[in-house]
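Here is a short report on one protein model. It starts with the overall fold and then turns to one sheet and one residue.

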Amino acid sequence: RPGDGGTSDSDYSKTVTRSFNVIAPAGHTVTVPSTQSITLTRKGTYNAITNRVTFGNWSKGQFTAVTAPTITGYTAHASANNVDETIGGGATAPSNETVTITYTINEESATVHYVDDDDSSRSIPDGTTSGKYGTSVNYSSLVPSGYTLASPGSYTFTDAANQSFTIHLNEGIESATVHYVDDDDSSRSIP
């Protein structure tokens with residue numbers, strides 16, 4: 001009986017909550033999952049001679065894992081307690097829980113196709129590059145040896161599968177200094 005022997009209603013009923021703390025990347029807004037609540041109860045037997053209540057175990061309840069809000073280009077990570085979980089059933093009432101959801105930016109990759117604008121019959125092997133979602137790579141950092149960039153540009157990584165882009169190249173012109181030597185007279189300078 002509530003109120004007997006120094007007990008109150010809260011000794012017989014407790015609401016346990018699981019709340020969600022979502023730490024979204026800067027510039028992104030997500031809908032935070034609704035707080036889950038379970039009311040657990042237990043019985044108590046009052047002893048009129050000792051003026052004490054002996055409590056039984058708390059009832060059981062079930063929390064359900066939630067799906068983290070999706071942000072394009074990011075992977076969500078929920079704390080370990082974001083699981084289907086049965087709580088209660090023991091002599092001690094469970095505590096409230098908080099599930100924390102964080103995000104990491106995805107690493108993306110792309111195939112780079114090269115075109116020789118000076119000799120279209122020449123095949124240049126494809127390359128690959130990678131970077132974080134939403135970041136860009138400058139074409140000038142991807143030019144193979146012996147070539148120059150035909151026109152400047154950059155590529156921005158998306159969340160698409162099988163990303164690829166094409167860079168147009170010109171054959172590089174290498175300069176060299178030539179020194180002529182007269183085999184008959186090595187002291188003679190030839191311009």
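## Fold, sheet and a buried isoleucine

Of the contacts between residues at least 6 apart in sequence, 59% join residues at least 24 apart. The model is predicted. The protein has 16 strands and zero helices. It counts 191 residues, and 27% of them are buried. About 12,200 Å² is exposed, with 46% of that supplied by carbon and sulfur atoms.

One open sheet holds four strands. Their order is E2-E1-E8-E6, and the pairing is mixed. Strands E2 and E6 are the edges, each pairing on one side only. Neighbouring strands here are turned by 20 degrees against each other on average, direction ignored.

Strands E1 and E8 run parallel and are joined by five bridges. One pairing can be named: Ser19 has Thr98 in E8 as its bridge partner.

The residue ranges of these strands are listed below.

| Strand | Residues |
|---|---|
| E1 | residues 13–22 |
| E2 | residues 36–41 |
| E6 | residues 74–78 |
| E8 | residues 97–105 |

Now to Ile87. This residue is found in strand E7, residues 85–88. Is Ile87 buried or exposed? Its relative accessible area is 5%, so Ile87 is buried, the cut-off being under 20%.

Which residues is Ile87 in contact with, leaving aside neighbours within four places in sequence? They are Val16, Ile38, Leu40, Ser59, Lys60, Gly61, Phe63, Pro94 and Glu97. Phe63 lies 24 residues from Ile87 in sequence. In space, their C-alpha atoms are 7.5 Å apart.

How values were computed:
Residues numbered from 1 in each chain as written. Predicted model: local features only at pLDDT ≥ 70, side-chain atom pairs only at ≥ 80, totals over all residues. Heavy atoms only, no water. Helix = DSSP H or I, 4+ residues; strand = E, 2+ residues; numbered from the N terminus. Buried < 20%, exposed > 50% of the residue type's maximum accessible area, 1.4 Å probe, protein only. Contact = heavy atoms within 4.5 Å. Areas by Shrake-Rupley, 256 points an atom, 1.4 Å probe, with all protein chains shown as cover. Pairing = 2+ DSSP bridges. Axes fitted to C-alpha atoms, helices over the stretch in contact; angles between N-to-C directions.
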